[in-house]
Amino acid sequence: MQVDKVLPQSQQIVADVLHLATQKGATQAEASLTKVQGIAVSTRLREVENVEFTQDNTLGISVYVGKHKGSASTADLSQEALSLAVEKAIHIAKYTNEDECSGLADEALIATEFPDLELYHPIALDTQQGMDLALETENAALSADSRITNSDGATFNGNIGASVYGNTHGINAGQASSRYSLSCMVIASEGKDMQRDYAYSVNRCFNDLNSPKNIGEEAAESVVSRLGARKIGTQECPVLFSKEIASSLFGHLVSAISGGALYRRSTFLLDHLNKPLFPEWLTIQERPRIKRALASSNFDHEGVATQDMDIVQDGILKHYLYTSYSARKLGVQTNGHAGGIHNWLISHSGHSDKDMLAELGTGLFVTELMGQGVNTVTGDYSRGAAGFWVENGVIQYPVHEVTIAGNLKQMFANIIAIGKEKELRGAVQTGSILLSSMRVAGD
Amino acid sequence: MSNPVEADLLGSNGLDQSSCHKAIDQIMSHDVDFADLYFQSSQHESWVLEDGIIKEGSFNLEKGVGVRAISGEKTGFAYSDDITLEALLRASQAARNIAPSNGSQNCSTFHSNAITHRYGTQNPLSSLKDEEKISLLRATDKYIREQEPSATQVAVSLSGVYEHVLVAASDGTFATDIRPLVRLNCSVLLEQDGRRERGSAGAGGRHGFDFFLLEEDGLLRYQQLAEDALHMARVNMQAIDSPAGTMPVVLGSGWPGVLLHEAVGHGLEGDFNRKGSSTFSGRIGERVAAKGVTVVDDGTMDNRRGSLNVDDEGTPTAYNVLIEDGILKGYMQDKHNAHLMGVQPTGNGRRESYAHLPMPRMTNTYMLGGEYSPEEIIATVEKGIYAPNFAGGQVDITSGKFVFSSAEAYLIENGNVTTPVKGATLIGNGPDVMQQISMIGNDMKLDRGVGVCGKDGQSVPVGVGQPTLKIDALTVGGTA
């Protein structure tokens, strides 16, 4: 994909679609067009397994006829399909009710500056290179330990994309981006015990991916460490979330403080603005314009300019996360969270990973979570877990087939330490998290 | 062309069967064992009611063709959302590069087998007028608010999909299918003394939207769903903390069959077993569940959400016995894995869309009924949990560990269902838990048609079902 050609073409399609919508009777309209092209190459047991060429196009349009909304999308970008999508959206708006809160985001909030966030680092997508990387990664894992007896394979993904957002306030902005990943999942066995685990690297720059050797060895080390896992007794004990899974706790926070959950009154964090939620030393900074970061963007899904925000300051919740619709429902102004969050940086308590184990003392170190047992309405939390039993800061043996349970509000207040070595592969950058106590169910 | 799917996917794009032949022959000029083309078009419509108004509606259009070439254990895959001869040949050239260019085979002559129709061919999007769809949403909202005037939030959504698929393969397979699918969901939020609880319910299948206006247990179906959502919210309003630890668990009939989907279903998919990565690998003929336990995967049930006339490789779906009286009988297969394992495909080759590779997947997976009434089963438990409703689950097919989360549950005390308890995650090991099934109810039923199964990032609609079951020991992840 030649992004420098695709972007202006996409902008033209978006402009045409908006024009058509206006002609057909829309008083406001917004459209987005995303094109992604890539390869996915996987190996298994040192042989190439799959080579996939991907190419995805999606155009989405929302129209407002007065305060009536209609939406449509199409993966077919022919003139005929684009016209049909616009007509369908207009047609639907005849049946939706008038909704005072609907409409585009306020014009004054729309992004006008588009600094280069360095999200686009193209390389020639070469399947042979992808195969070599996947083979090298898997080989590193398979060679690392004789207990690694099987493999789910290694995969290299390379994607480049061009996305455009436009609305009838006048914004029509494009963003090119790239994303590369290399991952590996292997299986270890000993007697009747069989375990699998994985490791991965993801980056906007191909050259900044972790090396195949490191990824393979990390997968190998993880899977072997799980062999011989056992259940532990049902008890109350401190729980340490590894940095790889710790971001999920803040993911639940995102759901609970989103405007949609608030106006629906379906969150346990109603009426919590400017109230303490976390220990005093904890802050959450949102920094949407970090160069090369995975969740960076100049504007949200409604074209609203993103801005630096301290979501949690000194443990106190300072901002809810609004879209223009949820903001109007709640009588406030949107703060650019249509489509989600942008790079959350979680503060730490100065502890290294080793210190975190020492702080845990005797308790459960959780490295894997299973299932969806989180209720955002009540904050009740109950999930499957696997990890290690730790005594006096030293790992004793692997643990599996247990659950950990509590209530998120209490869990947030119970955070006693966050590690300084951070997970950087997602929208939430956090270290490992230590909770003073949770209910563990096992034997 | 008299076949409407062929006319839509080939004819209207200037293609015909000979274009498919040409593309497949082009792939077979490389040393591939098998190649197929998967053409698809779909229309999806959804409507949302919230705060008493019709808030949103959307319409989505998708079409494209996926091209696959298989050589030994290797697969090459490319697709295009542009259905033209040029795009088809371009995708074929990309996919065939999985194998060197010294092929000697040709595409077999296409043959279409008569298929048994498990569902109608009417487009559900036009099964009701738009005004009638709106009325259905409003009637559901009105019903809930009449039953519970103090409800804080009521949300109702209606969605329908109409899909055409066409499969042409080098083995001569030429199959088409028309797939309708509808779904209605409602949720209600209640508030009482500062406590808030939500209840939800949904139903659907391969029907028109009029399905929701039919009678079920003395009420119209949408009213029944509204009652169920209200019931769940009211029960949860009274719920105390769930116990923690290992104890007897009685699972209700129907949707709790998600247990089977997670505990054994995924582990019996052919790809994992070919690769030896499943806890059930190499165990055909062995006892993997308690005596009396028979589990089937059945894609042939009329109008069910997980049913298909043919799978996404053109193989007719079937009634496949996975476990019979506790003994492992067979795996679910697509063509690729069946070929490599030297068995026949079972009609379980499924894919999310033309842009995804097919894999062995479940259709409707359920356990056959036994001899006990639900009351008899509950009466045997001194202290445990009764769980008639669940949210989703997840499994690690290698270790066999699986979880599923209850959405409505009660304590059982001295043989009686007593106080509601909060939702909790249940965790176990598939083969162990299947051995712990000690009583099987006589009330087998399927879920209402809302299941979505995810695997390798691909979602497909599925059904689950079971009778009331007693599991002697299962770990319950409560807080009490």
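This is a short talk on how chain A and chain B meet in this model, and on a few features within each chain.

Hi everyone, thanks for coming. Before anything else, please keep in mind that we are looking at a predicted model.

Let's begin where the two chains touch. On the chain A side, 70 residues are in contact, and they face 71 residues of chain B. Together the two chains bury about 5,700 Å² between them, and carbon and sulfur atoms give 50% of that area. Which three residues of chain A supply the most of what chain A buries against chain B? They are A:Tyr95, A:Met370 and A:Glu401, and they account for 12% of the area chain A buries there.

Now to the polar side of this interface. Between chain A and chain B there are 36 residue pairs in polar contact, counting pairs where both residues have pLDDT of 80 or more. Strand β2 of chain A, residues 47-65, gives the most to the side of chain A that touches chain B, with eleven residues. If you sort the residues on that side of chain A by character, you get 21 nonpolar, 27 polar and 22 charged.

How many salt bridges are there between chain A and chain B? The count is ten. One that you can find easily on the screen joins A:Asp76 to B:Lys63, with the closest N and O atoms 3.6 Å apart.

Strand β2 of chain A deserves a second look. β2 of chain A is joined by four bridges to strand β3 of chain B, residues 74-80, and the two strands run parallel. If you want a residue to start from, take A:Glu52: the bridge partner of A:Glu52 in β3 of chain B is B:Phe77.

Next, the annotations. These come from an unreviewed UniProt entry for each span I mention. The record lists "Metalloprotease TldD/E N-terminal" as a domain at residues 29-93 of chain A, and also at residues 35-99 of chain B. In the model, the chain A span is 23% helix and 65% strand, with its end C-alpha atoms 12 Å apart. For the chain B span the values are 18% helix and 65% strand, and its end C-alpha atoms also lie 12 Å apart.

UniProt also lists a "Metalloprotease TldD/E central" domain, at residues 124-235 of chain B. The ends of that span have C-alpha atoms 34 Å apart, and the span is 29% helix and 46% strand.

Back to chain A, where UniProt places the "Metalloprotease TldD/E C-terminal" domain at residues 234-442. The end C-alpha atoms of that span lie 5 Å apart, and the span is 19% helix and 33% strand.

There is a salt bridge in chain A to show you as well, between A:Glu236 and A:Arg439, with the closest N and O atoms 3.6 Å apart. A:Glu236 sits in strand β7 and A:Arg439 in strand β17, so to speak of distant parts of the chain is fair: the two are 203 residues apart. Over all chains, the whole structure has 51 salt bridges.

Last, a sheet in chain A. Five strands form an open sheet with mixed pairing, in the order β10-β9-β8-β11-β16. Which strands are at the edges? They are β10, at 316-317, and β16, at 428-429, each pairing on one side only. Inside the sheet, β8 (residues 284-286) and β11 (residues 344-346) pair in the antiparallel sense over three bridges, and A:Gln285 stands opposite A:Leu345 in β11.

That's my tour; over to you for questions.

Notes:
Residues numbered from 1 in each chain as written. Chains lettered and ligands numbered in written order. Predicted model: local features only at pLDDT ≥ 70, side-chain atom pairs only at ≥ 80, totals over all residues. Heavy atoms only, no water. Contact = heavy atoms within 4.5 Å. Buried area = accessible area lost by both parts, 1.4 Å probe. Salt bridge = Lys/Arg side-chain N within 4 Å of Asp/Glu carboxyl O. Polar contact = N/O pair within 3.5 Å; in protein donor to acceptor, adjacent residues only side chain to side chain. Nonpolar A, V, L, I, M, F, W, Y, C, P; charged D, E, K, R; others polar. Pairing = 2+ DSSP bridges. UniProt positions renumbered as here; feature names shortened; annotations may be inferred.
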